[in-house]
Amino acid sequence: MNKRLFVFGCSYTNYSGPTWADCIAPRFDQFHNFGRGGMSNMMILHQVLEADAEHKFQVDDHVAVMLTGFNRFNWLANDGQ
């Protein structure tokens with residue numbers, strides 16, 4: 001059986017050094033890390049939905065979501081484009 005792990009979160013999930021996700025990844029055949037620094041909870045949820053649409057989560061998959069603080073917000077950059 002091909003065991004897949006999908007993880008989501010902020011920089012505590014995916015950073016330049018090892019994170020909690022990297023510690024549990026060796027137990028799985030496939031490892032997908034969607035964590036990004038500065039992510040808000042809304043963006044983390046959006047990543048979960050996009051990953052499900054792309055990878056079609058199965059009943060045997062493991063999905064771990066680390067939420068961030070409630071005070072993180074998304075900002076739309078106005079760069080003139």
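On the surface of this predicted model, Met42, Leu45 and Leu49 together make a nonpolar patch of about 330 Å². Met42 has its place in helix α2, and with a relative accessible area of 59% this residue counts as exposed, because the term applies to values over 50%.

Helix α2, which spans residues 41-55, also takes part in the interior. The largest nonpolar core consists of seven residues in all, namely Phe6, Phe8, Phe34, Met39, Ile44, Val48 and Ala51. Two elements, strand β1 (4-8) and helix α2, each supply at least two residues of this core, and the element that gives the most is α2, with three residues. A gathering of this kind can be read against a general tendency: in soluble globular proteins, nonpolar side chains tend to be buried together.

One member of the core, Ala51, can be followed through its contacts: when residues up to four places away in sequence are not counted, Ala51 touches Phe8 and Phe34, as well as Lys56 and Phe57. Phe8 and Phe34 are themselves listed in the seven-residue core. Apart from this core lies another, made of five residues, among them Leu5, Val7, Ala21 and Phe28.

Strand β1 is also where the account turns to charged side chains. How many salt bridges does a search of the whole structure find? The search returns one, formed by Arg4 with Asp61, whose closest N and O atoms are 2.5 Å apart. The pair links distant parts of the chain, since Arg4 is in strand β1 while Asp61 is in the loop between α2 and β3 (62-65), at a separation of 57 residues. Both partners, Arg4 and Asp61, are buried.

The cysteines remain to be considered. A disulfide is a covalent bond between the sulfur atoms of two cysteines, and the criterion applied here asks for a pair of such atoms within 2.5 Å. By that rule the count comes to zero disulfides. Cys10 is in no disulfide, and the nearest cysteine sulfur to its own, that of Cys23, is 15 Å away; Cys23 is likewise in no disulfide, with the sulfur of Cys10 as the nearest one, 15 Å away. Is each of these residues buried or exposed? Cys10 counts as buried because its relative accessibility is 2%, whereas Cys23, with a relative accessible area of 58%, is exposed.

Technical notes: Residues are numbered from 1 along each chain as its sequence is written. This is a predicted model: local features need pLDDT of at least 70, side-chain atom pairs count only at pLDDT 80 or more; totals for chains, interfaces and linings use all residues. Side-chain values use heavy atoms; hydrogens and water are left out. Buried means under 20% relative accessible area, exposed over 50%, partly exposed in between (1.4 Å probe, protein chains only). A nonpolar core is a set of buried Ala, Val, Leu, Ile, Met, Phe, Trp, Tyr and Cys residues joined through side-chain atoms within 4.5 Å. Helices (H or I, at least four residues) and strands (E, at least two) are DSSP runs, numbered from the N terminus. Contact means heavy atoms within 4.5 Å. Patches are made of residues with over 30% relative accessible area and no salt bridge: like charges are joined within 9 Å, nonpolar side chains (Val, Leu, Ile, Met, Phe, Trp, Tyr) within 5 Å. Accessible areas come from the Shrake-Rupley method with a 1.4 Å probe; for residues, only the protein chains shown count as cover. A salt bridge is a side-chain nitrogen of Lys or Arg within 4 Å of a carboxyl oxygen of Asp or Glu.
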